[in-house]
Amino acid sequence: MKKVWSMIMAVVIAVALAGCGNEPGNAGNERKKTYTFATWAAGTELQEFQQIIDKVNENANGEYTIEVLSIPSDYYVKLSTKIAAKKSPDFFWLTQELISKYADMGALADITAQFEGSSTLSPDMFYEGVLNSAQYKGSYWGIPWIANPLMIYYNKTMFEELKIPCPEATDDWTWEEFIDLCRQFSGKEYKGNTVYGTVIDGWPNIETFIWAGGGDIIGSDNTTIVLDSKEAKQGMHYLQTIVAEGLSPRYAEVSSLGDRNVWYEKQRVAMYFGGIQDNFEAKIAKKSEDEQFEIGYAPLPVCDGGWRRGTVRIRRQFSLRKLRKISMFLQMVFRALYCKIPA
């Protein structure tokens with residue numbers, strides 16, 4: 001039986017240290033009644049988030065009020081500025097790799113006692129992998145808000161009309177099989193356009209492919225860089241093959257339609273690495289009848305050793321300096337791979 005390791009990209013609701021105590025200037029035990037919740041959400045996502053907060057406020061019956069602070073651009077720059085000025089929002093979204101940074105800064109409250117002692121929201125209500133995203137040094141510094149495992153969306157209508165066999169939701173298919181399937185779409189025309197097997201423009205990012213080969217970035221000692229391992233090289237080879245063989249549109253070409261997801265929605269690619277946030281079902285349903293298509297679903301491929309490594313999650317917490325070095329190196333590798341595509 002093949003082993004499956006489901007890795008999650010998570011967004012965590014962090015609690016500011018200042019938000020746990022009394023409002024500065026309040027006398028005695030009088031507690032503040034208005035709290036601020038910062039988010040990078042905008043547009044439809046912000047509207048949906050505001051509806052959730054409105055419901056929370058309604059259920060609070062005047063005991064407290066939460067106000068939403070939308071910061072759709074330069075989110076972390078502005079958040080850090082507010083923290084430094086001691087005007088931090090009481091709650092805010094953080095991606096999981098930043099938990100350690102903000103905890104070490106003293107910007108987050110350790111909510112372990114409250115979380116583990118709660119009868120309404122406790123750690124055993126979450127999947128272990130998702131819950132780990134909110135932990136650092138044995139403590140909880142937030143609560144998981146969004147957990148988004150990767151999967152393969154495919155255009156079932158396109159597959160059938162081009163007479164190419166569809167992957168199945170129960171398939172244990174390999175990355176070699178995924179790439180071979182992409183090759184079958186090379187040079188084919190569909191609805192008046194040349195189509196591609198998939199689209200990659202930095203997402204899925206290079207870490208996904210490193211893990212796909214069974215490799216890793218940092219060794220188990222949390223110090224050694226292991227990007228030169230056979231497994232890591234195999235994973236990067238999957239990405240390099242997709243890029244070098246033109247199985248995805250060129251990096252500079254992707255933006256011509258606005259964003260990578262539009263390539264799938266406009267039926268220009270057969271398969272797409274995505275998750276629930278893409279909301280393709282609703283988007284396709286709103287299209288005119290002649291633009292609609294049937295959506296298919298498949299798991300991520302497995303590597304030779306039988307491991308399915310999905311999405312991207314920093315499995316251990318490292319210093320900010322080390323994270324920056326790793327990030328810069330991976331960006332250089334990614335650019336080097338894409339340089340192989342002619343302009």
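## A walk through the fold

N279 is partly exposed, as its relative accessible area is 39% (buried means under 20% relative accessible area, exposed over 50%, and partly exposed in between, with a 1.4 Å probe and protein chains only). This residue sits in the loop between β12 and α12 (280–285); helices (H or I, at least four residues) and strands (E, at least two) are DSSP runs numbered from the N terminus.

A word on the model before we go further. It is predicted, so local features need pLDDT of at least 70 and side-chain atom pairs count only at pLDDT 80 or more, while totals for chains, interfaces and linings use all residues. Residues are numbered from 1 along each chain as its sequence is written, and side-chain values use heavy atoms, with hydrogens and water left out.

**The overall picture**

The protein has 13 helices and 14 strands. Of its 343 residues, 46% are buried. Take the contacts (heavy atoms within 4.5 Å) with a separation of 6 or more: 72% of them join residues 24 or more positions apart.

**Two cores**

In soluble globular proteins, nonpolar side chains tend to be buried together. A nonpolar core here is a set of buried Ala, Val, Leu, Ile, Met, Phe, Trp, Tyr and Cys residues joined through side-chain atoms within 4.5 Å. The largest one holds 39 residues, and I152, F159, F178, F185, M271 and F273 have the most contacts inside it. Two or more of its residues come from each of β9 (151–155), α6 (156–161), α7 (175–183), α8 (206–212), α9 (230–244) and β12 (271–274). The largest share, 6 residues, is supplied by α9. A separate core of 27 residues includes V12, I66, W93 and I99.

Two phenylalanines are good places to start looking in the largest core. Leaving out residues up to four places away in sequence, F178 touches I152, W173, T198, I242, M271, F273 and P301. F185 is in the loop between α7 and β10 (189–190), and counts as buried because its relative accessibility is 0%. With the same sequence neighbours left out, F185 touches M158, F159, L162, I164, V195, Y196, G197 and A270. Its C-alpha atom is 5.4 Å from that of G197, a residue 12 positions away along the chain.

**Helix α7 and its partner**

The buried residues of α7 are W175, F178, I179, L181 and C182. They lie on the same side of the helix, because they cover an arc of only 155° around the axis (the arc is that of the directions from the helix axis to the C-beta atoms). These residues pack against β9, α6, α8, α9 and β12.

How do α7 and α9 sit relative to each other? Their axes come within 11 Å and cross at roughly 5°, so the two helices are roughly parallel. On the α7 side the contact uses W175, E176, F178, I179 and R183, and on the α9 side Q234, Y238, T241 and I242.

**Helix α2**

Helix α2 (residues 75–84) buries Y75, L79 and I83. These residues line one face of the helix, because they fall within an arc of 60° seen down its axis. They pack against β3 (34–39), β5 (91–95) and α3 (99–104). The face turned away from the buried side carries the exposed residues V77 and A84.

**Backbone oddities**

Most residues other than glycine have a negative phi, and most peptide bonds are trans. The residues below have a positive phi.

| Residue | Phi | Place |
|---|---|---|
| N61 | about 55° | loop between α1 (43–60) and β4 (65–70) |
| N279 | near 55° | loop between β12 and α12 |
| K86 | near 60° | following α2 |

N61 is exposed, as its relative accessible area is 69%. There is also a cis peptide bond, from W203 to P204, with omega near -5°. P204 lies in the loop between β11 (193–194) and α8.

**One last stop: T65**

T65 lies in strand β4 and, at 35% relative accessibility, counts as partly exposed. Its C-alpha atom is 6.1 Å from that of K33, which is 32 residues away along the chain. Beyond its neighbours within four places in sequence, T65 is in contact with K33, T34, Y35 and N57.

How values were computed. Axes are lines fitted to C-alpha atoms, for helices over the stretch in contact, and angles run from 0 to 180 degrees between N-to-C directions. Angles under 35 degrees count as roughly parallel, over 145 as roughly antiparallel, 65 to 115 as roughly perpendicular and the rest as oblique.
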